[in-house]
Amino acid sequence: MIEPKFFALIIGTEILNRRRKDRHFDFLSRELLERGYKLSGSFIIEDDPALIVQSLKFLSSLPNAVVFTFGGIGSTPDDHTRKAAAIALRDGQLIELPEARRIIEERLKRMEVPNPQYPLKMAELPRGAKLLTNNPVNGMPGFYLDDRYFFTPGFPEMAHPMVREALDRFFPPRQDKSIRRSLTALTRESALIDLMESLPEGVELSSLPKLYSDGPRVVISLSGRDPRKVDEAFETFIRALQQRGIPYSLGDETDAER
């Protein structure tokens with residue numbers, strides 16, 4: 001996998017109906033940025049088995065996709081993710097993984113669980129699954145497939161250590177982290193489209209317009225893994241602004257509003 005593209009699949013009807021707030025997007029996007037990667041997409045879907053299957057099929061069809069899934073790996077009737085993963089990524093069958101059963105049985109000895117046969121269902125996983133074990137809350141494991149599809153609980157306190165476990169194992173921090181250069185220009189973004197269209201390959205553009213009582217502003221942000229390319233493209237914007245008499249300041253003036 002040359003350049004992984006990371007996605008979050010957050011499963012939880014309780015988020016969509018506003019009974020709970022999502023904490024996974026913010027965590028995963030920050031964790032990836034700190035390691036020199038970025039999140040390419042994030043999806044929040046309800047606890048619908050067919051929707052989970054189709055979402056996983058879609059994401060797995062994308063080149064170099066790495067998917068972190070949150071929620072639905074437990075043993076209650078509304079936990080559909082284990083079966084959905086088996087249908088979308090394997091042969092549809094759930095197979096008991098002896099290592100998972102052993103871990104769950106060990107945890108159950110320390111817990112007062114009235115019907116232990118139900119938690120043991122969490123040991124039934126798609127064929128070829130391997131375990132994520134860094135769960136400091138109750139020790140119940142998550143799992144992963146093909147070293148790029150990772151399935152974790154919905155509880156952030158359980159899921160986020162597993163995400164770090166997976167990233168540490170398969171996606172160590174990059175040495176060629178992206179750099180970013182930003183400026184805020186007192187103009188409409190349409191005044192700079194010619195410059196945007198001439199950016200070299202490998203330089204990513206973000207143009208964020210905003211209207212204020214004293215007129216329009218646009219934040220131009222350039223990023224990329226080649227510092228020379230990014231700096232040269234950024235200097236091109238600065239020279240053009242100076243030549244066109246457009247006031248500007250370095251940085252993103254809207255940062256303080258977030």
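**Close-up views of a predicted model**

**View 1. Asp 226 caps the N-terminal end of helix 8.** In this predicted model, a side-chain oxygen of Asp 226 lies 3.0 Å from the backbone nitrogen of Arg 228. Helix 8 itself covers residues 227–244. What comes after helix 8? Gly 245 follows, and its phi is positive, near 70°.

**View 2. The length and the two sides of helix 8.** Let's begin with a quick check of length. Helix 8 has 18 residues, and at 1.5 Å a residue these should span 26 Å. The C-alpha atoms at its ends are 26 Å apart, so expectation and model agree. Now look at the side chains. Which residues of helix 8 are buried? They are Val 230, Ala 233, Phe 234, Phe 237, Ile 238, Ala 240 and Leu 241. These residues cover an arc of only 165° around the axis, and therefore they sit on the same side of helix 8. Turn to the other side of the helix and you meet Gln 242 and Gln 243, which are exposed.

**View 3. What covers helix 8.** The cover over the buried residues of helix 8 includes strand 9, helix 7 (193–197), strand 11 and strand 12. Helix 8 lies across strand 9, strand 11 (215–224) and strand 12. Its direction is at about 10° to that of strand 9.

**View 4. An open sheet of 4 strands.** Follow the strands across the sheet and you will read the order 10-11-9-12, with antiparallel pairing. Why is one side of strand 10 and of strand 12 left without a neighbour in the sheet? Strand 10 (204–212) and strand 12 (248–250) stand at the edges, and each has a single partner strand, so one side of each stays free of a neighbour in the sheet. On average, neighbouring strands of this sheet are turned by 20° against each other, direction ignored. Look for the place where strand 9 (residues 179–185) meets strand 12: the two run antiparallel and are joined by 3 bridges. Here Leu 183 has Leu 250, in strand 12, as its bridge partner.

**View 5. Strand 7 and its partners.** Here is a handy rule for reading this view: in a regular strand the side chains alternate between the two faces of the sheet. Strand 7 (residues 142–145) lets you try it out. Gly 142 and Tyr 144 point one way, whereas Phe 143 and Leu 145 point the other way. Are these residues of strand 7 buried or exposed? All of them are buried.

Strand 6 (residues 130–132) runs antiparallel to strand 7, and 3 bridges join the two. In this pair, Leu 131 stands opposite Phe 143. Another 3 bridges join strand 7 to strand 8 (residues 149–152), again antiparallel. Opposite Leu 145 you will find Tyr 149 in strand 8.

**View 6. The turn between strand 7 and strand 8.** This hairpin has 3 residues between the strands. Asp 146 takes a positive phi here, near 55°. Asp 147, in the loop between strand 7 and strand 8, also has a positive phi, of about 60°, although it is not a glycine. With a relative accessibility of 34%, Asp 147 counts as partly exposed.

**View 7. Arg 18 in a loop.** Where does Arg 18 lie? Its place is in the loop between helix 1 (13–16) and helix 2 (24–34). The phi of Arg 18 is near 70°, a positive value in a residue other than glycine. Arg 18 is exposed, and its relative accessible area is 73%.

**View 8. His 24 and its surroundings.** His 24 belongs to helix 2. With a relative accessible area of 4%, which is under the 20% limit, His 24 is buried. Which residues does His 24 touch, if we do not count those up to four places away in sequence? They are Ile 10, Phe 70, Pro 153, Gly 154, Phe 155, Pro 156, Ala 159 and His 160. Look closely at Gly 154: the side chain of His 24 reaches its backbone oxygen at 2.9 Å.

**View 9. Glu 96 and its contacts.** Glu 96 is found in strand 4 (residues 94–96). At 38% relative accessibility, Glu 96 counts as partly exposed. Leaving aside neighbours within four places in sequence, Glu 96 is in contact with Arg 101, Ala 123 and Glu 124. The side chains of Glu 96 and Arg 101 make a polar contact (3.0 Å). Glu 96 and Lys 121 are 25 residues apart in sequence, and their C-alpha atoms are 8.1 Å apart in space.

Key
Residues numbered from 1 in each chain as written. Predicted model: local features only at pLDDT ≥ 70, side-chain atom pairs only at ≥ 80, totals over all residues. Heavy atoms only, no water. Buried < 20%, exposed > 50% of the residue type's maximum accessible area, 1.4 Å probe, protein only. Pairing = 2+ DSSP bridges. Axes fitted to C-alpha atoms, helices over the stretch in contact; angles between N-to-C directions. Contact = heavy atoms within 4.5 Å. Expected span 1.5 Å × (residues − 1). Arc of directions from axis to C-beta. Polar contact = N/O pair within 3.5 Å; in protein donor to acceptor, adjacent residues only side chain to side chain.
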